[in-house]
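Work through the exercises below with the model open beside you. Try each task before you read its solution.

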Amino acid sequence: MVMPDHALTTTFGLLTDMVVGMQWLHQTFPGATIRTGWSVDAFGVSPVKAYVDRLFGIEAMYTHRSHYALKYEMARSGFLMFRWRQERDTTGVTDMLTVMDPAVNYPFRYACGVNPVVCCGFFFPNLINRRNKSCPDNGSNPGKVSPDTIRIPLKRITESNVRHRSQILLEEWRRKAALLNASAILVEIGFICHDTIPQHITDTYDNFNRIMEHVNGNPGLRVHVAWGTVSDYFMELKRGMKSEGVPVVKGDFLTYADTQTDYWTGFYFVRPFLKAVGRELEGVVRVAELMMGGVGGGVEQHHQTELEHARDVVALLQHHDSITGTIRPVVNIDMLVRIMRAYTGCTSIIRGNLKQLYNTTIL
């Protein structure tokens, strides 16, 4: 299961991705279930994905990327937490509790609160990177920071500074909670480009742990901070939420733009060959599935293996950096090779099953 794109994927592709992911989950963690969705890096979000998630029992979704102006208006109107409803739904049966993070981007250095200049001062992987020590910009308008903007230098959390540093971070968290109009917020710690380096993980955990111990040890702050998952967050959110007070939203959040001049539309047509053969693969996989179902108990084991492999490739293709074409050339070539092998396997399945059904040779 991948975090799929929402603009270029088909319903069949999204369903295949979910089926493959659920099968892996049940085989790897028997008895596990999924109740929350996580779509923070797709370039805009679509209600089709919310609908597919609901079919698989997902009840809540956390999102990030949407048009900056729309996000601003939603924050101003108190609509960043909403019940996402399908256009045809008149009763609310398709409602998906959705939280749209108010930050411009999902890495911690943007999303710890509302001010990236502050957040970067707590991005502890940079302790050993020696980069962005004082956060020279505000994230959304590089080089255009007001002279009176307070820059927060990056420092390790110690006994001598934990009180002051905690107050700075708590102020950001309170502002984020105010924008969401919620009693609980989710703060994403770390970043995909750093979480594979042990020292980055250790620095992040140790420093935040000192902040958490200080905050939780001072009841007067009236804040409780805990490590948790997305499911933990939504459970806490629902405890203090009145469902009748959550607004209903219909429609999609496309096209995505993160600044005034940057509309993310190029991925609609970049790498057209990858997109074309990806569509062809989806079609032949569906035919192979139907053929496998039509022969009853006469399915050959190697055909089953080939079909499962092809489904895996279809699922991988839905990734928001795959079908979109926002990948490096070497990854693009690898994806095309996978698609061609899966396509060949499916045509073999179709020929074999036609031979079995009609007792004739198919060239």
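**Exercise 1. Find the bridge partner of Trp 84 in strand E5, then describe how strand E3 is placed.**

Step 1. Trp 84 has Val 249 as its bridge partner in E5. Strands, like helices, are DSSP runs numbered from the N terminus; a strand (E) has at least two residues, a helix (H or I) at least four.

Step 2. Strand E3 covers residues 81–85, and E5 covers residues 248–250. The two pair in the parallel sense over three bridges. Pairing requires that DSSP finds at least two bridges between two strands.

Step 3. Turn to strand E4, residues 96–100. E3 and E4 pair in the antiparallel sense over four bridges. Here Arg 83 has Leu 97 as its bridge partner.

Step 4. Four of the five residues of E3 are buried, so the strand is largely enclosed by the rest of the structure. Buried means under 20% relative accessible area, exposed over 50%, and partly exposed in between (1.4 Å probe, protein chains only).

A note on the basis of these solutions: this is a predicted model, in which local features need pLDDT of at least 70 and side-chain atom pairs count only at pLDDT 80 or more, while totals for chains, interfaces and linings use all residues. Residues are numbered from 1 along each chain as its sequence is written, and side-chain values use heavy atoms, leaving out hydrogens and water.

**Exercise 2. State how many helices and strands the protein has, and what share of its residues is buried.**

Step 1. Count the elements: twelve helices and five strands.

Step 2. Of 363 residues, 47% are buried.

Step 3. Now take contacts, meaning heavy atoms within 4.5 Å. Among contacts with a separation of 6 or more, 71% join residues 24 or more positions apart.

**Exercise 3. Identify the residues that touch the most other members of the largest nonpolar core.**

Step 1. A nonpolar core is a set of buried Ala, Val, Leu, Ile, Met, Phe, Trp, Tyr and Cys residues joined through side-chain atoms within 4.5 Å.

Step 2. The largest core has 59 residues. Trp 84, Val 99, Phe 122, Tyr 233, Phe 234 and Phe 253 touch the most other members.

Step 3. Helix H7, residues 162–180, gives the most to this core, with six residues.

Step 4. A second, separate core has 26 residues, including Leu 281, Met 291, Val 314 and Leu 317.

Step 5. Look around Phe 122. Setting aside neighbours within four places in sequence, its contacts include Phe 108, Ile 152, Arg 165 and Phe 208.

**Exercise 4. Decide for two residues of helix H2, Asp 53 and Leu 55: buried or exposed?**

Step 1. Helix H2 spans residues 47–55.

Step 2. Asp 53 has 3% relative accessibility, so it is buried. Beyond residues up to four places away in sequence, Asp 53 touches Met 18, Ile 58, Met 61 and Met 96.

Step 3. Leu 55 has 54% relative accessibility, so it is exposed.

**Exercise 5. Locate the salt bridge of Asp 203 and compare it with the one between Asp 334 and Arg 338.**

Step 1. A salt bridge is a side-chain nitrogen of Lys or Arg within 4 Å of a carboxyl oxygen of Asp or Glu. The whole structure holds 15 of them.

Step 2. Asp 203 meets Arg 156, at 3.2 Å from N to O. Asp 203 lies in helix H8 and Arg 156 in the loop between H6 and H7, so the pair ties together parts 47 residues apart in sequence.

Step 3. Check exposure. Asp 203 is buried at 3%, while Arg 156 is partly exposed at 41%.

Step 4. Asp 334 and Arg 338 meet at 2.8 Å from N to O. Both lie in helix H12, residues 329–358, four residues apart, about one turn of the helix.

**Exercise 6. Find where the cis peptide bond lies.**

Step 1. The cis bond joins Leu 254 and Thr 255, with omega about 10°.

Step 2. Thr 255 is in the loop between E5 and helix H10 (272–294).
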